[in-house]
Amino acid sequence: MIIPDEQVTTTEVQSWKGLHLIHFQSSSCSQKVRILLREKGIDYTGHPIDLGAEEHVSPWFLGINPRGVVPILVHDGVVHVESNDILEYLDSEIPSGEQSFFPADQAERRFVVENLELEDSLHMDLRTLTMGFIFPRRFVEKSEKILERWENEGASNPKRALEVKWWRDFAREGVRPERARASAEAHRKAFTILEERLESSEWLIGKRISVLDIAWFITTTRVQNAGYPLSDHSRLFAWHQELAQRPAFREETQDAFPIRSLIAPAYRIFRRIQGTTLADMIAVS
Ligand SMILES: N[C@@H](CCC(=O)N[C@@H](CS)C(=O)NCC(=O)O)C(=O)O
């Protein structure tokens, strides 16, 4: 999706030449795009921003993407948003020595598009598992002051309103067990489709890695970190381990802040002692 020129009020980006990616290291949607860029060997200029420091609600950022989310691709001054659209754009429009990451066959292409949509539709469930189980709530929750600012700045944007509601509920009550179970179940359903696919195929669409492998690798890495028992899906588990050997996949899904890599395991132990891990919650359903 392209943001029309007249809606871009941070006009400096319109003079940027070449490929520029505005992204956050730990954002799943940014990771998707970065892995594809690396796998295809496409050069770009990265503009990292920090979602934790609310840099995406600055007037500078909102002047590029009024919805206030990463990633944003700027190509020769044209602003592209929506990670799945960006993947398709990069794969088809940017010449590179590497293979295409979308299949040529129409039926397979439809499968890819449908499953990228499925992955995108699980975004809030992925957020529930990420925010609920990887870090203590006080490390990730947003203050009411920030939420009010978002609400005012994004008043005309229905998706933003939903996101504000999600963060407000989270600040009030964290992730309730029934919500966690529903989000884990939504992922389980999707993983069942992928597991079936891997019965007859090396990668999700055959003999070559595609954007589907990239997108679902990020999801499976994240839910596993949240305590989801990925080994329940044995083929998907083996597929994940295989992909994790590739430097682009492994390195682009690492956390931006080394300190968080220490906090996450400690928090996991704490929840295990309390008996409130995601696996514990799934077990009582
Ligand atoms: N469907 C969009 C979702 C973009 C999105 O929600 N990005 C998240 C990071 S993965 C974000 O910027 N969140 C900031 C926030 O919610 O405040 C895409 O795929 O690009």
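## Contacts around the ligand

A polar contact is a pair of N or O atoms within 3.5 Å. Keep that cut-off in mind as you explore this structure, which is a predicted model. In the side chain of serine 83, an N or O atom sits 2.6 Å from an oxygen atom of the ligand, so this pair falls within the 3.5 Å limit for a polar contact. Aspartate 120 also takes part with its side chain, placing a polar atom 3.0 Å from a nitrogen atom of the ligand. Valine 70 uses its backbone instead: a polar atom there is 2.9 Å from a ligand nitrogen atom.

How much of the ligand does the protein bury? Taken alone, the ligand exposes 500 Å², and the protein buries 94% of that. The elements that give two or more residues to the surrounding shell are α1 (28-40), α5 and α8.

## Who is in the shell

Altogether, 16 residues surround the ligand, and the closest are Cys29, His56, Glu82, Ser83 and Trp150. Sorted by class, the shell has six nonpolar, five polar and five charged residues.

## An enclosed helix

Let's look at α5, which covers residues 123-133. Why is α5 described as largely enclosed by the rest of the structure? Nine of its 11 residues are buried, so the rest of the structure largely encloses this helix. Among the buried residues of α5 are Leu126, Thr128, Leu129 and Phe133.

## The largest cavity

How many cavities of 30 Å³ or more are there? The count comes to two, and the largest cavity has a volume of about 70 Å³. Its lining includes Cys29, Ser83 and Asp120. You met Cys29 and Ser83 among the residues closest to the ligand, and Asp120 through its side-chain atom 3.0 Å from a ligand nitrogen. Leu126, a buried residue of α5, also lines this cavity.

At least two lining residues each come from α1, α4 (106-121), α5 and α10 (211-225). The largest share belongs to α1, with three residues. By class, the lining has four nonpolar, five polar and three charged residues.

## The second largest pocket

Now for a pocket: the second largest one holds about 240 Å³ of space. Two elements, α5 (123-133) and α8 (158-173), give two or more residues to its lining. Which of the elements supplies the largest share? That is α8, with six residues.

The lining includes Met124, Thr128, Trp166, Asp169 and Arg179. Thr128 is also on the list of buried α5 residues. In this pocket, the lining residues divide into five nonpolar, two polar and five charged.

## Two loop residues

Finally, visit two loops. Serine 143 lies between α6 (137-140) and α7 (144-153). Is serine 143 buried, partly exposed or exposed? With a relative accessible area of 39%, serine 143 is partly exposed, because that value lies between the 20% limit for buried and the 50% limit for exposed. Serine 143 and tryptophan 203 are 60 residues apart along the chain, and their C-alpha atoms are separated by 42 Å.

Phenylalanine 257 belongs to the loop between α12 (247-252) and α13 (258-274). Phenylalanine 257 is partly exposed too, with a relative accessible area of 30%. From C-alpha to C-alpha, phenylalanine 257 and alanine 171 are 22 Å apart in space, while 86 residues separate them in sequence.

Note on methods
Residues numbered from 1 in each chain as written. Predicted model: local features only at pLDDT ≥ 70, side-chain atom pairs only at ≥ 80, totals over all residues. Heavy atoms only, no water. 1 Å grid on protein atoms, 1.4 Å probe; cavity = no way out; pocket = protein on both sides within 12 Å on 5 of 7 lines; lining within 4 Å. Points joined across faces, edges and corners; volume = space filled by probe spheres on them. Helix = DSSP H or I, 4+ residues; strand = E, 2+ residues; numbered from the N terminus. Nonpolar A, V, L, I, M, F, W, Y, C, P; charged D, E, K, R; others polar. Buried < 20%, exposed > 50% of the residue type's maximum accessible area, 1.4 Å probe, protein only. Near = heavy atom within 4 Å. Polar contact = N/O pair within 3.5 Å; in protein donor to acceptor, adjacent residues only side chain to side chain. Areas by Shrake-Rupley, 256 points an atom, 1.4 Å probe, with all protein chains shown as cover.
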